[in-house]
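Q: Could you take me through the empty spaces in this structure, one after another, and say what lines each of them? I would like a close look at that single topic.

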Amino acid sequence: MKKIINDPKTVVAESLRGLAAAHADVLRVEDDPAIVVRVDAPLVGKVAVISGGGSGHEPLHGGFVGQGMLAAAVPGAVFTSPTPDAVEAAVKATTGDAGALLIVKNYTGDVLNFETAGELAAAEGLDVRSVVIDDDVAVKDSTYTAGRRGVGGTVLLEKITGAAAERGDTLDAVEALARKVIGQVRSIGVALTAPTVPHAGEPSFDLADDEIEFGIGIHGEPGIERTAVTTADELVARMVEAVVTDLPFAEGDKVLLFTNSMGGTPLVELYLAHGIAERLLAERGIVVERRLVGPYITSLEMQGMSLTLLKLDDELTELWDAPVNTPALRWGV
């Protein structure tokens, strides 16, 4: 294992110190427990949108803390859910009278720990709601979940709900919007190599040089099938088919297409794949109105990619376009 680290036990803490140093104008990092919060927290008159999960998926979630997106992010150890006390600390550090919305990816540890934290915060008089995102179309149940996994759609959900909170929507309205997005977003991922967790020191699974894992999660979980390496045209066509037919998306739908690197896939390959996906969607009469391309929800250094489609309407498009100022997403400000 070759990584730019000092000690596997301190990777997350040292990384958070670097995040805070690089983006002190946007966020701050608090210790014991570790949380990432907006510099202007606690928020006054605005819903605090909070998310988190195991580290190793950067820039998710800490890289999305800032104006127009998350009020706070709660990082766990690599691929490990944060503890309830850390989530509760994030709620207390950011939440005012407008309340808080917890965005939880559908992994068993995340769901249980965020639920516990919400109950603890509610016992202290805070209005805290939670939503669970489960946009992965590959598998119904996996090593880490009961039901579908939360993957790339999380990025889009955090941006859209964060924009609604920024403009002053009520907690009821932000929660309803979140459930709307969850109902209209679908994702699929593939891996060419496995990630190596620092404290494990070896790849999460074995994958031969001529194999692709189709339908993977973001922790190196297995997919639905291991296939031979094929052309980009054939691979992207299968991914588009899996996503489009699940909702299903139909001719005339307007969508946001998110083409994501799992960490190790370079942009030259990612843009190639994105172009193929755009062409295939156009052939189906599906209109790509908004796009996001890049490494926004990763799995350490895994080579691979994911495709996410969100069905848009005027409100969702307006909220996607709204100003955002975070380390990883920044426009309109």
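A: What follows is a walk through the pockets and cavities of this model, together with the parts of the chain that border them.

The model is a predicted one. Rolling a probe the size of a water molecule over the atoms shows where empty space is left.

The largest pocket has a volume of about 590 Å³. It is lined by 29 residues, and of these Val-11, Ser-15, Ser-55, Gly-56 and Glu-58 are the closest to its centre. Three elements give two or more residues to this lining, namely helix H1 (11-22), strand S3 (48-55) and strand S4 (72-78), and among the contributors H1 gives the most, with 6 residues. When the lining of the largest pocket is sorted by class, 15 residues are nonpolar, 10 are polar and 4 are charged. At least three of the lining residues come from each of domain 1 (11-169) and domain 2 (185-324 + 327-331).

The second largest pocket has a volume of about 230 Å³. Of the 16 residues that line this second pocket, Leu-192, Ala-232, Leu-235, Glu-269 and Met-305 are the closest to its centre. Helix H6 (232-244), helix H7 (267-283) and strand S12 (304-311) each supply at least two residues of its lining, and the largest share, 4 residues, comes from H7. By class, the lining of the second largest pocket has 11 nonpolar, 4 polar and 1 charged residues.

We can now turn from pockets to cavities, where the probe fits but cannot get out. The count comes to 3 cavities of 30 Å³ or more.

About 60 Å³ of space lies in the largest cavity. Its lining includes Asp-136, Val-151 and Gly-152, as well as Ser-187, Ile-188 and Gly-189, and the largest share of that lining, 3 residues, comes from strand S7 (residues 185-191). Divided by class, the residues around the largest cavity are 6 nonpolar, 5 polar and 1 charged. Where does this cavity lie with respect to domain 1 and domain 2? Both domains give residues to its lining, so the largest cavity lies between them.

The second largest cavity has a volume of about 50 Å³. Among the residues that line this cavity are Arg-38, Lys-46, Met-69, Gly-162, Ala-165 and Glu-166. Strand S3 and helix H4 each supply at least two residues of the lining, and H4 provides the largest share, with 3 residues. By class, this lining has 7 nonpolar, 1 polar and 3 charged residues.

Helix H4 itself deserves a further look. At 1.5 Å a residue, the 14 residues of H4 (residues 153-166) should span 20 Å, and because its end C-alpha atoms are 20 Å apart, the model agrees with that expectation. Of the 14 residues of H4, 14 are buried, so this helix is largely enclosed by the rest of the structure. Just after H4, Gly-168 takes a positive phi of about 100°.

Another glycine, Gly-68, has its place in the loop between S3 and S4. Gly-68 has 0% relative accessibility and therefore counts as buried. Gly-68 and Asp-134 are 66 residues apart in sequence, and their C-alpha atoms are 23 Å apart in space.

Methods:
Residues are numbered from 1 along each chain as its sequence is written. This is a predicted model: local features need pLDDT of at least 70, side-chain atom pairs count only at pLDDT 80 or more; totals for chains, interfaces and linings use all residues. Side-chain values use heavy atoms; hydrogens and water are left out. The expected span of a helix is 1.5 Å times one less than its number of residues. Buried means under 20% relative accessible area, exposed over 50%, partly exposed in between (1.4 Å probe, protein chains only). On a 1 Å grid over the protein atoms alone, a cavity is a set of points where a 1.4 Å probe fits but cannot get out, and a pocket is an open set with protein on both sides within 12 Å along at least five of seven lines; lining residues have an atom within 4 Å of a point. Grid points are joined across faces, edges and corners, and a volume is the space filled by probe spheres set on the points. Ala, Val, Leu, Ile, Met, Phe, Trp, Tyr, Cys and Pro count as nonpolar, Asp, Glu, Lys and Arg as charged, and the others, Gly among them, as polar. Domain bounds come from an automatic or database domain assignment.
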